[in-house]
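Me: I have a structure open on my screen and would like a close look at one part of it. Could you walk me through that part and what surrounds it?

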Amino acid sequence: MIRGVLLDVEGTTSSVAFVYEVLFPYARRELADFLRRRWNEPATARACAMIARDGGVEMTRERVEAEAIRLMDADVKATGLKELQGLIWQEGYAAGRLTSHVYPDVPPALRRWAAAGLDLRIFSSGSVAAQKVFFAHTEAGDLLGLFRGHYDTTTGPKREAESYRRIAADMQMSPWAILFLSDVGQELDAAAAAGMRTALVVRPGNAPATVGRPCPTVADFGHVDPLLRG
């Protein structure tokens with residue numbers, strides 16, 4: 001029996017378009033002003049220090065801003081950038097300027113699975129802080145309380161099996177008792193290599209996915225329920 005469900009966000013619970021057409025442009029648009037106002041705050045300084053270190057640039061506001069823009073342009077899943085974007089989004093959500101898109105089949109499924117006692121968790125390239133504020137401010141209301149844990153790239157790359165082994169250990173269950181849902185074939189292959197059950201999520205606008213290890217395909221979270229029975 002499946003005891004835990006691990007979920008990707010972009011292309012799985014929320015549309016790729018929302019991330020690329022709303023969240024990313026918002027972070028880019030607000031970047032300079034955010035750094036000007038909050039440069040000396042510990043969380044901002046920590047994220048910027050990672051960006052400066054990984055990019056080999058001087059730790060000045062102008063250099064960090066330029067490096068952050070370069071990473072955004074290249075769509076690099078850098079931990080420091082994701083931390084900084086998460087802080088910017090936190091401010092936007094708190095001000096009521098952002099509301100997260102989720103597919104209509106997602107909220108009832110999450111509530112149904114949580115009510116059944118399943119351990120629901122998120123693994124995303126977006127920071128843990130960004131994940132939490134994302135699910136606390138969705139079109140369907142606050143869904144954050146349905147999740148027991150969140151993982152980002154500080155756990156490890158999403159395309160490496162070891163990351164999923166760490167997550168299973170943190171969830172204190174066998175990988176075989178966890179179902180991972182994602183729209184990215186390489187992520188599913190890595191999770192399967194770690195021993196997890198997997199299912200490919202196909203949503204409108206998602207890029208075609210190639211999965212090396214055969215797994216079920218679902219277009220709606222309502223189709224996941226039979227998989228939870230093992």
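The part I would like described is strand β2, along with the aromatic pairs and helix α1.

Reply: Happy to help, and here is some background to begin with. This is a predicted model, in which local features need pLDDT of at least 70 and side-chain atom pairs count only at pLDDT 80 or more, while totals for chains, interfaces and linings use all residues. Residues are numbered from 1 along each chain as its sequence is written, and side-chain values use heavy atoms, with hydrogens and water left out.

Let us start with β2, which covers residues 119-123. Helices (H or I, at least four residues) and strands (E, at least two) are DSSP runs, numbered from the N terminus. Five of the five residues of β2 are buried, so the strand is largely enclosed by the rest of the structure. Buried here means under 20% relative accessible area, exposed means over 50%, and partly exposed lies in between (1.4 Å probe, protein chains only). In a regular strand, side chains alternate between the two faces of the sheet. In β2, Asp119, Arg121 and Phe123 are on one side, Leu120 and Ile122 are on the other, and both faces are covered.

Next come the strands that pair with β2; two strands pair if DSSP finds at least two bridges between them. Strand β1 (residues 4-7) runs parallel to β2 and is joined to it by four bridges, with leucine 7 partnering isoleucine 122. Strand β3 (residues 149-151) also pairs with β2 in the parallel sense, over three bridges. There, tyrosine 151 stands opposite phenylalanine 123.

Phenylalanine 123 has further company. The charged end of lysine 158 sits over the phenylalanine 123 ring, 5.6 Å from its centre. For this, NZ of Lys or CZ of Arg must be within 6 Å of the ring centre and within 35 degrees of the ring normal. Elsewhere, the charged end of arginine 203 sits over the ring of tyrosine 103, 4.0 Å from its centre.

Now to the ring pairs. A search of the whole structure finds eight aromatic pairs. Rings of Phe, Tyr and Trp (its six-membered ring) pair if their centres lie within 6.5 Å; planes under 30 degrees apart count as stacked, over 60 as edge-to-face and the rest as tilted. Phenylalanine 18 and phenylalanine 134 make an edge-to-face pair, 6.0 Å centre to centre with 70° between the planes. Phenylalanine 18 lies in helix α1 and phenylalanine 134 in helix α6, so this pair ties together parts 116 residues apart in sequence. Phenylalanine 18 is buried, with a relative accessible area of 9%, and phenylalanine 134 is buried at 5%. Phenylalanine 123 and tyrosine 164 form an edge-to-face pair too, 5.3 Å centre to centre with 75° between the planes. Tyrosine 164 is in helix α7 (residues 161-171), so the pair ties β2 to a part 41 residues apart in sequence. Both of these residues are buried.

Finally, phenylalanine 18 leads us to α1. Among the buried residues of α1 are Phe18, Leu23, Tyr26, Leu31 and Phe34. What covers the buried residues of α1 includes α2 (42-55), α3 (61-73), α4 (79-94) and α6 (128-136), where contact means heavy atoms within 4.5 Å. Helix α1 bends by about 50° at leucine 31, the bend being the angle between axes fitted to the seven residues ending there and the seven starting there.
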